[in-house]
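Here's a short set of exercises to work through with the viewer open. Try each one yourself before you read the solution.

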Amino acid sequence: MNLDLSWMAWTWPTAAFFATILLLLCGMAAWEYASPGGNPRVGILRFETTRGDRLFLSLLGSAFIHLAWLGLVGSNLWWALALSVVYAIGVFRYV
Amino acid sequence: MDKTWNNKAWFLVLPVLVLVAFTAVIPLMTVVNYSVQDTFGNNVFTWAGTEWFEELLSSSRFWEAMVRNLIFSFIILAIEVPLGIFIALNMPKKGWGVPVCLVLMSLPLLIPWNVVGTIWQVFGRNDIGLLGYYLNAIGIDYNYVQDPFDAWVTIIIMDVWHWTSLVVLLCYAGLVSIPDAFYQAAKIDGASRWAVFRYIQLPKMQRVLLIAVLLRFMDSFMIYTEPFVVTGGGPGNSTTFLSIDLVKTALGQFDLGPAAAMSLVYFLIILLLSWVFYTVMTNYDAER
């Protein structure tokens with residue numbers, strides 16, 4: 001069987017992006033295995049979130065941070081990435 | 001009794017995972033790949049980086065379509081949810097009227113989107129359409145082909161006609177699940193009709209209302225077929241919603257890169273708004 005995936009138009013940057021997402025999910029699975037239950041808690045948003053919710057919020061927020069940076073500042077996204085990391089740490093710490 | 005843990009059950013989830021991978025994950029990955037490249041077909045791609053995203057975010061055409069979409073969804077929710085609750089409250093709960101009402105309510109939902117569009121396109125026409133002809137006959141200047149306001153009214157009424165039934169059926173399912181004891185207790189307490197609605201029926205309908213609002217929001221925000229058939233996005237661009245704009249870019253102009261970037265932004269906005277709706281409504285439910 002010839003499994004030609006050229007139509008998916010893979011590039012190294014996009015492959016690295018998805019590999020990072022996959023690693024994050026694997027990390028979350030390992031975390032859940034080590035500490036089951038999802039660590040639910042009520043943070044600054046004043047409703048209960050699990051660590052899965054916090055990862056979702058981090059990824060979604062990071063996407064919007066990058067888009068906002070592109071729209072308002074420019075195409076150099078390293079600072080947007082740094083800001084996203086700070087945001088994700090904040091989400092995991094306080095949300 | 002102790003719970004039985006059986007990890008072999010995970011194999012039962014595998015078919016769903018494979019299905020979702022092929023229908024959602026792989027297409028989404030492909031869209032991400034396309035969004036940073038340019039192509040003229042034949043599987044030849046050139047790296048474009050963030051160019052399409054920058055172009056999109058500075059495009060007035062995109063933001064105008066977005067505002068139209070948000071206004072449309074807001075109007076749809078503002079009409080369909082209260083109307084659906086009102087109809088469900090007034091539907092019979094016993095007797096022969098129940099199946100009759102349920103069948104009548106289900107009929108619009110059974111009609112395919114493109115057929116609904118065609119029905120309303122003909123219905124609203126000035127020359128042969130029942131609605132268009134008689135509105136003009138009684139002196140109302142109605143022409144959805146030329147007047148943006150008329151086009152909006154037509155699309156909104158069409159969507160209300162097509163989808164209010166869904167809200168009705170969901171609310172009705174919530175209402176019939178309320179035990180009679182609640183109503184009897186309210187009667188003994190001398191509760192008013194409003195009090196019964198506010199403190200018994202509305203809380204019991206809340207879960208189904210959450211589903212109704214989510215479904216109607218996502219569906220109205222992604223609406224494509226009906227307005228495309230009725231107005232084609234016109235007159236001008238007055239009914240060009242994001243989905244119509246997206247299809248024009250992807251299939252009309254074959255600009256796969258910009259269309260992929262637009263798809264991703266569109267997807268993220270739907271994801272965010274759906275999460276906000278879901279969180280607000282589930283937490284309101286939990287607080288109660």
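**Exercise 1.** Is B:Asn43 buried or exposed? Work it out, then do the same for A:Arg46.

*Solution.* Keep in mind that this is a predicted model.

Step 1: count neighbours around B:Asn43. There are 10 other C-beta atoms within 10 Å. The cut-off for exposed is 12 or fewer, so B:Asn43 is exposed.

Step 2: place B:Asn43 in the chain. B:Asn43 sits in the loop between β1 (37-39) and β2 (45-47) of chain B.

Step 3: check the backbone. B:Asn43 isn't a glycine, yet its phi is positive, at about 60°.

Step 4: move to A:Arg46. With 8 other C-beta atoms within 10 Å, A:Arg46 is exposed. The loop that holds A:Arg46 runs between β1 (41-42) and β2 (48-49) of chain A. Its phi is positive, near 65°, and again the residue is something other than glycine.

**Exercise 2.** Find where B:Thr240 lies and say which residues it touches, leaving out those up to four places away in sequence.

*Solution.* Step 1: locate B:Thr240 in the loop between α10 (225-230) and α11 of chain B.

Step 2: count again. B:Thr240 has 21 C-beta neighbours inside 10 Å; buried starts at 20, so B:Thr240 counts as buried.

Step 3: list the contacts. Leaving out residues up to four places away in sequence, B:Thr240 touches B:Ala65, B:Arg68, B:Gly233 and B:Asp245.

Step 4: take the pair B:Thr240 and B:Ala65. They're 175 residues apart in sequence, but their C-alpha atoms are 6.1 Å apart in space.

Step 5: look at B:Pro235, which also lies in the loop between α10 and α11 of chain B. The peptide bond from B:Gly234 to B:Pro235 is cis, with omega near 0°.

**Exercise 3.** Describe how α3(B) and α9(B) pack, and sort the contact residues by class.

*Solution.* Step 1: get the geometry. Helix α3 (residues 60-90) and helix α9 (residues 193-221) of chain B pack at about 145°, and their axes are 9 Å apart. The crossing of α3(B) and α9(B) is right-handed.

Step 2: pick out the residues. On the α3(B) side, the contact includes B:Phe72, B:Ile76, B:Glu80 and B:Gly84. On the α9(B) side, B:Val213, B:Arg216 and B:Phe217 are among them.

Step 3: sort them. The contact of α3(B) with α9(B) has 8 nonpolar, 4 polar and 2 charged residues.

**Exercise 4.** Which residues touch the most other members of the largest nonpolar core?

*Solution.* Step 1: start with the whole of chain B. It has 12 helices and 2 strands, and buried residues make up 28% of its 288 residues. Among contacts in chain B between residues at least 6 apart in sequence, 70% join residues at least 24 apart.

Step 2: go to the core. The largest nonpolar core has 25 residues, and B:Leu56, B:Phe241, B:Ala260, B:Ala261, B:Met262 and B:Val265 touch the most other members.

Step 3: trace the core back to elements. Two or more residues come from each of α1 (10-35), α2 (51-57), α3, α11 (242-252) and α12 (256-287) of chain B. The biggest giver is α12(B), with 8 residues.

Step 4: set the other core beside it. Apart from the largest one lies another core of 14 residues, including B:Leu166 and B:Cys171.

Step 5: follow B:Val265 outwards. Not counting residues up to four places away in sequence, B:Val265 touches B:Leu56 and, in chain A, A:Leu67.

**Exercise 5.** How many residues does each chain bring to the contact, and which element of chain A gives the most?

*Solution.* Step 1: count by chain. The contact takes 18 residues from chain A and 20 residues from chain B.

Step 2: split chain A's side by element. At least two residues each come from α1 (12-34) and α2 (51-72) of chain A. With 6 residues, α2(A) gives the most.

Step 3: sort by class. The side of chain A that touches chain B has 13 nonpolar, 5 polar and no charged residues.

Step 4: compare with the record. The unreviewed UniProt entry annotates residues 12-34, 55-72 and 78-94 of chain A as "transmembrane region". Residues 12-34 are 100% helix in the model, with end C-alpha atoms 32 Å apart. Residues 78-94 of chain A are also 100% helix, and there the end C-alpha atoms are 24 Å apart.

How values were computed:
Residues numbered from 1 in each chain as written. Chains lettered and ligands numbered in written order. Predicted model: local features only at pLDDT ≥ 70, side-chain atom pairs only at ≥ 80, totals over all residues. UniProt positions renumbered as here; feature names shortened; annotations may be inferred. Helix = DSSP H or I, 4+ residues; strand = E, 2+ residues; numbered from the N terminus. Axes fitted to C-alpha atoms, helices over the stretch in contact; angles between N-to-C directions. Left-handed = near helix turned anticlockwise from the far one by under 90°. Contact = placed C-beta atoms within 7 Å. Nonpolar A, V, L, I, M, F, W, Y, C, P; charged D, E, K, R; others polar. Core = buried A, V, L, I, M, F, W, Y, C linked by C-beta atoms within 7 Å.
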